[in-house]
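These are my notebook entries on a structure that I looked up. I set down each item in the order in which I examined it.

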Amino acid sequence: MEVTIMAKSKRSLLLEAASTIIVEQGISHLTLDEVAARAGVSKGGLLYHFASKDELIKGLNEETIREFRELLQQELEETGSYTKSYLLATLRQLEGCGRYNASSSMLAAIATNMEMILLWDEDYQRFRTEMVKEGLSFEAGMIIRLVADGFLYSKLFNSDPLSQEEGRRVVQLLLDFIDKEKDK
C-alpha cells in the first residue's frame with residue numbers, strides 16, 4: 001500500500017515540475033531531463049511513470065481535467081448551477097486553486113500533439129448538455145463557455161489578462177446574465 005502512495009506522490013511531483021517549467025521557462029524548456037531534475041527524480045524514475053514526453057503531457061492534461069472537475073463539483077454544491085460552476089471553476093483553476101496550471105497543460109498539448117486537446121472535449125460536451133437542462137439558450141450558454149475560454153487563453157498567451165478586480169466585475173456580470181437568461 002505504501003508503495004502506491006509513494007508512486008503517486010512521485011508522479012504528482014513530476015507533473016507539478018512539468019507545469020512549473022512551462023509556466024516559468026516556456027514550453028521549449030520542457031524536457032524529460034529538466035522535469036526529472038526539477039522534481040528531484042532520476043530520469044529512470046520519470047520514465048517509470050511516463051514513457052515519453054507525450055505521455056507526460058497527456059498525464060498533465062488528464063490531471064488538470066480531473067482537478068477542474070473537482071473544482072466544478074465544489075462550485076456546483078455552492079451554486080446549484082452547472083453553467084455558473086463551469087465559469088467559476090475555470091477562474092479558480094486559473095487563479096491557482098489547484099496543483100496544476102490549466103494554461104500550461106493546454107499549451108503543452110497544443111505545442112506537441114494537438115490530438116491531446118481532444119481530452120477536453122468530454123467537458124465541453126457535458127457543458128452543452130447541462131446548459132440546456134438549466135434552461136439556457138444555446139447562444140447564452142456559448143457566451144459563457146467562450147468567455148471562460150477567453151479567460152484561459154488570455155492568461156495562456158499573456159494577452160491583456162484582466163486584473164483581479166476586472167475579472168471579478170466581468171464574472172459578476174456573467175453570473176447576473178445567467179440568472180436573467182434562465183428567467184426568460
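I first fixed the term helix: I take a helix to be a DSSP run of H or I with at least four residues, numbered from the N terminus. I also note that the model is predicted.

**Entry 1: a surface patch**

By this usage, I placed tyrosine 153 in helix α8, which covers residues 138-156. I then looked up its exposure and found a relative accessible area of 31%, so tyrosine 153 is partly exposed. Tyr153 belongs to a nonpolar patch on the surface, together with Ile110, Met114 and Phe157. The accessible area of these residues together is about 390 Å².

**Entry 2: a second residue of α8**

I turned to alanine 148, which also lies in helix α8. Is alanine 148 buried or exposed? Its relative accessible area is 1%, and because buried means under 20%, alanine 148 is buried. Leaving out residues up to four places away in sequence, I found that alanine 148 touches Tyr86, Leu87 and Thr90. I also looked up serine 105, which is 43 residues from alanine 148 along the chain; their C-alpha atoms are separated by 16 Å.

**Entry 3: the packing of α5 and α7**

Two packed helices are described by the angle between their axes and the distance between the axes. For helix α5 (residues 82-94) and helix α7 (residues 121-133), I recorded an angle of about 145 degrees and axes 9 Å apart. Which residues of α5 meet α7? They are Tyr82, Thr83 and Tyr86, and on the α7 side I listed Asp123, Tyr124, Arg126, Phe127, Glu130 and Met131. By class, this contact has five nonpolar, one polar and three charged residues.

**Entry 4: leucine 60**

I found leucine 60 in helix α4, residues 53-79. Its relative accessibility is 1%, so leucine 60 counts as buried. Setting aside neighbours within four places in sequence, I listed its contacts as Leu15, Ala18, Ser19, Ile22, Tyr100, Ser104 and Ser105. Leucine 162 is 102 residues from leucine 60 in sequence, and the C-alpha atoms are 25 Å apart in space.

**Entry 5: the loop between α8 and α9**

Most residues other than glycine have a negative phi. I therefore noted asparagine 158, whose phi is a positive value near 50 degrees. Asparagine 158 is in the loop between α8 and α9, and at 60% relative accessibility it counts as exposed. Aspartate 160 is in the loop between α8 and α9; its phi is positive and near 50 degrees. With a relative accessible area of 67%, aspartate 160 is exposed.

Key:
Residues are numbered from 1 along each chain as its sequence is written. This is a predicted model: local features need pLDDT of at least 70, side-chain atom pairs count only at pLDDT 80 or more; totals for chains, interfaces and linings use all residues. Side-chain values use heavy atoms; hydrogens and water are left out. Axes are lines fitted to C-alpha atoms, for helices over the stretch in contact, and angles run from 0 to 180 degrees between N-to-C directions. Helices (H or I, at least four residues) and strands (E, at least two) are DSSP runs, numbered from the N terminus. Contact means heavy atoms within 4.5 Å. Ala, Val, Leu, Ile, Met, Phe, Trp, Tyr, Cys and Pro count as nonpolar, Asp, Glu, Lys and Arg as charged, and the others, Gly among them, as polar. Patches are made of residues with over 30% relative accessible area and no salt bridge: like charges are joined within 9 Å, nonpolar side chains (Val, Leu, Ile, Met, Phe, Trp, Tyr) within 5 Å. Accessible areas come from the Shrake-Rupley method with a 1.4 Å probe; for residues, only the protein chains shown count as cover. A salt bridge is a side-chain nitrogen of Lys or Arg within 4 Å of a carboxyl oxygen of Asp or Glu. Buried means under 20% relative accessible area, exposed over 50%, partly exposed in between (1.4 Å probe, protein chains only).
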